[in-house]
There are 2 protein chains.
Amino acid sequence: MSSIRKVASLAGVSVATVSRALSSPEKVSSKSLEKVQVAIEQLHYRPNMLARNFRSARAYSILVLIPDISNPFFSEVVRSIEDHAQRRGYGVLLGDTQDSKTKEQEYITMVETRLADGVIQLRPDSPLPTSERDHISCVNACGSEDTPEPVIRIDNVAAAKTLVDYLISLGHRRIGVITGLAKNPHTKDRFAGYLQSLEEAGIEFDGSLVAEGDFTMWSGVNSADHFCRMEQRPTALFCMNDEMALGAMQTLKSYNIDVPKEMSVTGFDDIKNAKYYNPSLTTIAQPAEEIGTVAVDTLLRIIEGETLSETQIVLPFEFIVRNSTRPIKRFV
Amino acid sequence: MSSIRKVASLAGVSVATVSRALSSPEKVSSKSLEKVQVAIEQLHYRPNMLARNFRSARAYSILVLIPDISNPFFSEVVRSIEDHAQRRGYGVLLGDTQDSKTKEQEYITMVETRLADGVIQLRPDSPLPTSERDHISCVNACGSEDTPEPVIRIDNVAAAKTLVDYLISLGHRRIGVITGLAKNPHTKDRFAGYLQSLEEAGIEFDGSLVAEGDFTMWSGVNSADHFCRMEQRPTALFCMNDEMALGAMQTLKSYNIDVPKEMSVTGFDDIKNAKYYNPSLTTIAQPAEEIGTVAVDTLLRIIEGETLSETQIVLPFEFIVRNSTRPIKRFV
DNA sequence: CCCCGTAATGTAACCGGTTACATTAGGTTT
DNA sequence: AAACCTAATGTAACCGGTTACATTACGGGG
């Protein structure tokens, strides 16, 4: 294996010169630079980044904790994180946690032991025990208002309210909702938006119109069943993410309930394929790309030791009307 | 920052003893072990893995190259890889390449510079220039017969043939096919299976029944259009992955063509949600989980310097009949 | 031609583990 | 009690970069 010392001796310069030639060439005379280049070429030298990282006490990598990488929304955010981290000179270590706090803890040891410089958490909750908060650089992407770490997110309450407001504006008054797990902060926020909207419109809340899902397509399939069996079905369904909305639409189809003619359905996230389904999904678009880049930038600032002036970064969402929603069918 | 020397001095033993207490405790007397434990506890010591990795000239991480992480099949494989690598003491560095060879090259420098010990490539083609083949540990998961690296895969030709055989057994003779990109080895293999099946059944190949997609849902939506506009439509559609099959079904729906009554549709991969769609997809299940674990095991064997006796590991696929296929409607 | 300031280069310590090798402790055999 | 063996421990070199600091080279002004 060719080391920097071999390069130095072949080039007839010191190791310091070689090191500088690589990391700050402006400090090296063009003559030396030339010699070093040639030697590197000849030896096929590649610097050992393990040594560099060790010396500089930086792993140049960030750990991304994802509840479930096969969730399409998360995978879009991860893609953006990875892309941007790469650009900034950092690698991305993947940590699929299956929503388990225990697994999160295991991954956290990677940053305790210096294998990663910081963490981006995608579950809307802190991965760190309070004792660790000060030592470990962490940001929460797609988190909620209550996460103790700096968070990059949208206003989930407002977004949910926007959707439900729209459904109400179409004349719907019995609006079913398929939630995520009750304890999930996103569920709480989006549910709050739902309630706000109903209240403003003077519609009484009806507990039978709530079904708990878990953000998977299967849970959408399943929860929709509840609504289909009802005597008096809702005329619209607010699903707390796109996957569940798609699942729900499959169930409606099996009951021969036409979307949007007989029931409107809305999603949340605007996953990549939401527009290709038939009917295409009315939904809230989260800026997945931007969430990823901002999360990386923010984390790196923390890693650099900067103290942030603002720890809640709220990005704008977009309300996208497609074909899964329609004014209520009037009984003439 | 507490180092191993601090621990040693607090515990009243040498650094070697501390090091051994951590990595091979059986070599240390229980008395020393005890003292070391206490000292570690007191100092909140965490070994610096950058130092360990540097010294042992191992990054204990593997690089996974993925053409597109938001492809559900890939994300399942990656999940399995990550999970298993973790179990074996390795981290996973993510490399989303957007199908670009240039980006692949960039990532490969991570293993040249020792940031990763090896590569798992998910694009069915080599990421390495021939000059690098010998230096870099690499396996190809979901590759094809022609990849120069050891490959973990299914028999794509046979799998495709199984599907088309089945369609033919249902009476279909005009079977459209939505392919992946023409240059993709999977496309070639699955197309070969399609042709074999037709030939065996004595059905003449009809070039107008082929539409080229690119494995995205959108391309399925798009390609299906071609078939819907035909004078004499095919009665079945063989799509080279599930995403395109789902896309195609959306288009068929917009043409009011019922699946499976008027047209049968098959996918490939058996992505997680394939069973929840309505109709649920008849498809080939690739053993994503096993592909991941075997890929990791194989790569680690290569990294350990073992020479493999068999470089083509062909795993069994499963043929799954669901509701998107049905015997052809006879003209009575 | 000398002096001096800046640019370029070199020397060697350092990062925090691991581990080869030397040394010591402790127990058993004769 | 001496001789001997094994287990446990300690010492210090080593991995391959980076960088503080010392030294040298070079060019312009006097």
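This is a short talk about how two protein chains pack against each other and against two DNA strands.

Hi everyone, and thanks for coming. One thing to keep in mind throughout: what you see here is a predicted model.

Let's begin with the symmetry. Chain A can be superposed on chain B by a rotation of 180° with 0.0 Å of shift along its axis, and the RMSD is 0.1 Å. That is the relation of a two-fold axis. The contact surface follows suit, since 100% of the contact residues of chain A recur in chain B, so the same surface serves both copies. If you'd like a landmark for the axis, look for Leu93(A): among the residues of chain A, its C-alpha comes closest, at 2.4 Å.

Now to the protein contact itself. How many residues does each chain put in? Chain A contributes 40 residues and chain B contributes 40 residues. On the side of chain A that touches chain B, the elements giving two or more residues are helices H4 (49-56), H5 (72-87), H6 (101-112), H9 (217-228) and H10 (242-254), along with strand E2 (91-96). Which of these gives the most? That is H5(A), with 7 residues. As for chemistry, this side of chain A divides into 19 nonpolar, 11 polar and 10 charged residues.

Next, the DNA, and I'll take strand D to start. It is surrounded by 28 residues, and the closest are Ile4(A), Ala16(A), Ser19(A), Ala16(B) and Ser32(B). Chain A offers H2 (15-23) and H4 to this surface, while chain B offers H2 (15-23), H3 (30-43) and H4 (49-56), each of them with two or more residues. The largest share comes from H2(A), with 6 residues. By class, the surface near strand D has 13 nonpolar, 9 polar and 6 charged residues.

And what surrounds strand C? Here we have 28 residues, with Ala16(A), Ser32(A), Ile4(B), Ala16(B) and Ser19(B) as the closest. At least two residues each come from H2, H3 (30-43) and H4 of chain A, and from H2 and H4 of chain B. On this strand H2(B) gives the most, with 6 residues. The surface near strand C splits into 13 nonpolar, 9 polar and 6 charged residues.

So, to leave you with a picture: H5(A) gives the most to the side of chain A that touches chain B, H2(A) provides the largest share near strand D, and H2(B) gives the most near strand C. Thanks for listening, and I'm happy to go back to any part of the model.

Definitions and conventions. Residues are numbered from 1 along each chain as its sequence is written. Chains are lettered from A and ligands numbered from 1 in the order in which they are written. This is a predicted model: local features need pLDDT of at least 70, side-chain atom pairs count only at pLDDT 80 or more; totals for chains, interfaces and linings use all residues. Copies are superposed by least squares on the C-alpha atoms of residues with pLDDT of at least 70 in both. Two residues are in contact if their C-beta atoms, placed from the backbone, lie within 7 Å. Helices (H or I, at least four residues) and strands (E, at least two) are DSSP runs, numbered from the N terminus. Ala, Val, Leu, Ile, Met, Phe, Trp, Tyr, Cys and Pro count as nonpolar, Asp, Glu, Lys and Arg as charged, and the others, Gly among them, as polar. A residue is near a molecule or strand if its C-beta atom, placed from the backbone, lies within 6 Å of it.
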